[in-house]
Every structure is written in C-alpha cells, then in structure tokens.
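The following exercises are intended for a reader who is new to this structure. Each sets a task and then works through a solution step by step.

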Amino acid sequence: MLQLVPVLLVLFILQVDYSSACGSPSGGPGASGRISENAIADPMISYPWRSWNPYDPYGFQYQPSPRFSQHPEGSANTFFRHHPNNLGSCRSSCTGERGNCLDSQTCSLAGGRASGSCENNLVCCINVVNSCNRGWARHAETVILNNTYWQSSLKPIKPSSSCSLTVKLDSRWPAGLPPPVPPTSFVTPVCQVRLDFLVFTISQPDSESVCSGDYFEVAGATNTVPNICGFNDGQHMYLHVPNSAIAPTDLQLTFNFGASNSEVRAWNILISMIPCDSPRLAPSGCLQYFTARTGSVRTFNWRDVVGTATRQLANQDYSICFRAAPSTPRQLCLTPCTVVTTQKAFSLSTPNAGIVGAATTTFVPVPDVSQVGSLDCNNDFIVIPGGFNIGNPAPVPNMAFDRYCGERLNALPRNNASTTICTTATPFRVLYRTNRDETLTFPTADSIPINSIPVNGNRGFCLNFKV
C-alpha cells in the first residue's frame with residue numbers, strides 16, 4: 001500500500017496541473033492564444049482524453065459532454081443581450097479545438113466546455129452540438145455561436161430519417177433594447193460560413209454516381225452548394241450569405257439517410273462564421289478556397305483506395321478558388337497527386353474513339369489517356385482557364401486549352417501521361433462539373449455500350465497545386 005502512495009501523489013499533481021492549464025483562466029503555459037480572425041489552417045482536433053470515436057459502440061462513455069440548446073430565446077442568448085461586444089476566437093492549446101473567449105460562468109451557461117484560457121481571465125470555451133442524439137444527450141437544433149462543432153450521434157441513426165441543424169445569423173440589435181449610441185450592429189456582421197468536415201462518412205453514391213441513399217445538403221446559401229455523400233474527411237465548403245446585419249439568413253444543414261441500416265454514418269463539422277470585413281473571405285461564387293501557396297485539392301468523395309466504389313459524385317457544378325499571394329509570380333500550376341494504390345488521380349469520363357465503318361460509327365472506350373477530342377469533355381470535366389502544359393508545347397489538332405477530361409491530365413489529345421497544367425489567368429479559379437449520370441447520356445456517354453457500368457468508375461481527381 002505504501003508503494004502506491006508516490007504514484008497516486010504524482011497522478012494527483014498531474015491532474016491538478018492539467019486542470020489549471022486546460023480548465024481555468026489562470027493563463028500560464030496552458031493558456032489558449034486569442035486569434036482575431038477565423039483562422040482556417042489545421043482545424044483538426046486532438047483530444048487529451050480518449051478520443052471521441054463515432055465507430056465505437058461504447059464510445060458514448062467518452063463523448064465530449066453534451067451542450068445545452070442554443071435557441072436564440074434561451075439562456076445562451078442571455079449573455080449576448082447584455083454583452084453586445086464581439087467575441088474573440090481562440091484555439092485551445094490543450095486539445096487544438098477552436099472556441100470563443102468567454103468568462104467561465106457564461107461558458108457554462110451557454111453549455112460550453114472550458115479548455116485553456118484567454119486574456120483578461122477568460123476561458124477558451126469549446127462548444128459541441130450533438131444533434132439527432134435523443135436518449136444520450138440533450139437535443140440541440142440551432143447554433144448562434146461561432147466555432148461550433150456539430151457531431152453525429154453515437155446512438156445508431158435510424159434509416160430513412162434526417163438530421164438537421166440551423167445556423168442562425170442575425171447581427172441586428174435585439175428588439176426591445178434601447179439602441180446604442182453611436183448606432184452599431186449586435187455583433188460583427190457575417191457574410192460567409194465555412195464548414196470544415198473533420199469527419200464525414202455516409203453511404204457511397206450508386207452506380208450512376210448519384211447520392212441516392214444518404215446525402216448532405218445545404219439550404220440558405222447564395223452560392224451553388226451541391227449535395228454530397230461518401231467519404232469527405234478533410235474537405236471544406238464556403239457558404240455565402242447576405243450581410244447578417246442587413247438581411248439575416250438562416251442556414252439549414254441537413255443529413256438525409258437512405259433505407260439501408262448497415263451504413264457507417266459519422267460526422268464532426270466545425271462551423272466558422274466569417275465577418276464581412278475579413279481578409280479571409282472567399283471570392284464571390286467560390287465553394288472551396290485555398291489560401292496556402294501549395295497543397296492539394298480533391299473532388300468530394302475522392303480517396304486513395306483500391307476499386308471503383310469510391311467515385312466522383314454526379315450533379316457537381318462549382319468553383320474552386322486559390323489566393324494569389326502578393327509579390328509572387330502570377331501563375332497557378334496543377335499536377336495529379338501521387339497515389340499509393342491503383343486509384344486514379346485524374347479520372348473524368350473515359351475518352352471514346354470513333355471507328356468509322358461502312359454504315360455506322362462505332363465508339364470504343366480508350367482508357368488511361370487524356371481526352372481524344374473536344375466532344376469527350378461534354379459530360380464531366382474541369383475547366384482551367386487559359387491552361388497550358390508545362391513547357392508550353394506547340395499546338396496540335398484537338399489540343400485542350402481550357403477544358404480537360406479523360407484519365408490523364410494533359411492538354412495534348414490521347415496522351416498516356418499526365419503532366420502539370422499551368423495558367424496565368426487571374427483570379428485563380430477552376431470550374432468542376434459532372435452531369436447527372438454515368439451511363440445514360442448520349443452521344444457522349446461515359447460508358448460503352450450505353451447503360452453499362454463505367455469500367456474505371458470515373459473517380460474524380462486529386463491535384464497538387466502551387467501558386
């Protein structure tokens with residue numbers, strides 16, 4: 001028994017030290033840094049306790065504590081009615097999570113969890129919403145706080161059901177309160193909301209690449225937001241909204257689930273509100289926006305795995321944008337990613353070559369090459385405005401200058417090697433489009449014969465970029 005005393009003493013000291021660093025506003029080495037902007041780099045989290053695991057049937061014992069409802073007429077909004085000043089964003093040095101700087105009492109009142117500290121004796125308050133979780137946690141369907149994590153239920157999700165979350169954006173001064181002098185908005189007006197899919201796994205699309213079972217949809221954004229499904233860990237979206245101080249808008253985020261009860265369904269989404277005057281606003285119309293000089297961009301549901309089950313999604317039509325850093329060469333270059341499996345890094349419609357016969361023309365698929373002719377890129381394609389092969393080879397018939405498809409990224413037609421495509425056209429953005437099916441569209445169907453499953457699956461793309 002005496003031998004256990006030193007061990008227990010050490011554990012007690014460590015526990016007290018961790019509590020001081022991560023649960024109180026005492027500052028010190030565990031204090032969270034306050035950040036003035038919605039920093040978007042590395043939003044992934046790392047819990048110091050046993051990680052929240054949506055695939056663990058007993059994981060509810062370790063799930064982050066449930067948050068209370070944030071209904072705008074509820075207790076969470078009491079704070080804002082008496083403290084109209086803007087909240088500061090923070091990142092917990094203990095868990096890496098994003099939060100808001102609040103006093104500890106308000107954090108508790110709003111249903112948050114203190115994790116590290118900010119300046120002026122404030123705590124970094126982490127807010128987690130577990131909706132569709134009746135029976136295990138309180139139900140929360142409305143979010144008004146910046147930097148909120150929306151996590152899936154650890155209770156099995158019923159098939160043929162749905163799960164929704166409303167992001168309420170209203171920066172007007174509350175009705176019934178005397179207007180401030182000088183006039184000001186309730187909080188900083190918001191013009192965009194960024195969704196970071198830290199965890200995103202629902203059912204795969206069907207053989208036509210349509211999300212006919214499970215799918216995620218967004219309502220209320222002014223830009224085009226496609227429905228998505230499958231595997232999307234690490235992806236993100238920018239949702240454009242009217243100025244929240246002038247025309248408040250509610251965003252509706254919804255998971256719709258199909259009839260299958262054997263699917264893995266799990267998500268953890270960081271919801272960040274971006275002020276209208278922020279330099280981090282995405283350009284108009286951009287669903288995705290990359291601010292680093294190098295990185296990789298993937299179509300939704302692209303994954304470096306064997307087989308064609310993980311494939312591109314139908315009915316995609318959106319812009320991917322890249323920030324051009326000042327005082328740098330005005331050139332964006334895109335190169336297919338290096339894969340470690342048999343997955344294709346670029347696969348948008350298998351090209352078809354026409355063999356002219358005496359009475360008819362027979363179309364034969366030509367795999368593992370770039371587009372053969374201009375009609376190959378009618379269905380699924382990527383547009384790189386003013387794109388050209390690195391090295392700028394001499395023009396040839398059927399050479400691509402903007403629209404690319406096939407199974408190799410190359411401006412040269414029917415080429416069996418991918419290369420780097422660059423553009424000097426600014427602002428830097430590429431357009432990605434897929435049609436509604438894989439087998440039905442004629443005369444440039446994605447499979448030959450018509451109504452057959454594409455052999456290569458039309459995987460989408462993963463491209464490394466450099467600005």
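**Exercise 1. An open sheet**

In what order do the five strands of the open sheet stand, and what is the sense of their pairing? The model under study is a predicted one.

*Solution.*

Step 1. The order is β14-β16-β25-β21-β23, and the pairing is mixed.

Step 2. The edges are taken by β14 (286-290) and β23 (403-404); each has a single partner strand, so one side of each lacks a neighbour in the sheet.

Step 3. Consider next the partners of β25. Strand β16 (residues 317-322) pairs with β25 in the antiparallel sense over five bridges, and tyrosine 318 stands opposite tyrosine 432 of β25. Strand β21 (residues 381-383) is also antiparallel to β25, over three bridges, with phenylalanine 381 opposite arginine 433.

Step 4. Proceed to β23. Strands β21 and β23 run antiparallel and are joined by two bridges; the bridge partner of isoleucine 382 is tyrosine 404 in β23.

**Exercise 2. The two faces of a strand**

Determine which side chains of β25 are buried and which are not.

*Solution.*

Step 1. Strand β25 covers residues 429-433, and its side chains alternate between two faces.

Step 2. On one face are Val430 and Tyr432, which are buried. Arg429, Leu431 and Arg433 point to the other face and are not buried.

**Exercise 3. A second open sheet**

Describe the open sheet of four strands and identify its edges.

*Solution.*

Step 1. The strands follow the order β6-β8-β12-β10, with mixed pairing.

Step 2. Strands β6 (142-143) and β10 (215-219) are the edge strands, each pairing on one side only.

Step 3. Strand β8 (residues 162-169) and strand β12 (residues 249-256) run antiparallel and are joined by eight bridges. Serine 162 has asparagine 256 of β12 as its bridge partner.

**Exercise 4. Disulfides**

How many disulfides does a search of the whole structure find? Examine three pairs: cysteine 90 with cysteine 124, cysteine 211 with cysteine 229, and cysteine 286 with cysteine 321.

*Solution.*

Step 1. The search finds nine disulfides. A disulfide is a covalent bond between the sulfur atoms of two cysteines.

Step 2. In the pair of cysteine 90 and cysteine 124, the sulfur atoms are 2.2 Å apart. The torsion about their S-S bond is about 95°, so this disulfide is right-handed. The pair links distant parts of the chain, with cysteine 90 in strand β2 and cysteine 124 in strand β5 (residues 123-130), 34 residues apart. Cysteine 90 and cysteine 124 are both buried.

Step 3. Cysteine 211 is joined to cysteine 229 with an S to S distance of 2.2 Å. Here the torsion is about -80°, so the disulfide is left-handed. Because cysteine 211 lies in the loop between β9 and β10 and cysteine 229 in the loop between β10 and β11 (236-240), the pair ties together parts that are 18 residues apart in sequence.

Step 4. For cysteine 286 and cysteine 321, the sulfur atoms are 1.8 Å apart, and the link is left-handed, with -75° about the S-S bond. Cysteine 286 belongs to strand β14 and cysteine 321 to strand β16, 35 residues apart. Both of these cysteines, 286 and 321, are buried.

**Exercise 5. Salt bridges and burial**

For the salt bridge of arginine 436 and aspartate 437, decide whether each partner is buried or exposed. Then do so for arginine 194 and aspartate 196.

*Solution.*

Step 1. The cut-offs needed are under 20% relative accessible area for buried and over 50% for exposed.

Step 2. Arginine 436 and aspartate 437 meet at 3.7 Å, N to O. Arginine 436 has 52% relative accessible area and is therefore exposed; aspartate 437 has 3% relative accessibility and therefore counts as buried.

Step 3. Arginine 194 and aspartate 196 form a salt bridge whose closest N and O atoms are 2.7 Å apart. Arginine 194, at 6% relative accessibility, counts as buried, and aspartate 196, with 5%, is buried.

**Exercise 6. Nonpolar cores**

Which residues have the most contacts inside the largest nonpolar core?

*Solution.*

Step 1. They are Trp150, Phe216 and Phe322, in a core of 62 residues.

Step 2. Strand β9 (residues 190-201) gives the most to this core, with five residues.

Step 3. A second, separate core has nine residues, among them Cys90, Cys124, Val128 and Leu270. Two of these names, Cys90 and Cys124, have already appeared as a disulfide pair.

Note on methods. Residues numbered from 1 in each chain as written. Predicted model: local features only at pLDDT ≥ 70, side-chain atom pairs only at ≥ 80, totals over all residues. Heavy atoms only, no water. Buried < 20%, exposed > 50% of the residue type's maximum accessible area, 1.4 Å probe, protein only. Pairing = 2+ DSSP bridges. Core = buried A, V, L, I, M, F, W, Y, C linked by side-chain atoms within 4.5 Å. Salt bridge = Lys/Arg side-chain N within 4 Å of Asp/Glu carboxyl O. Disulfide = S-S within 2.5 Å.
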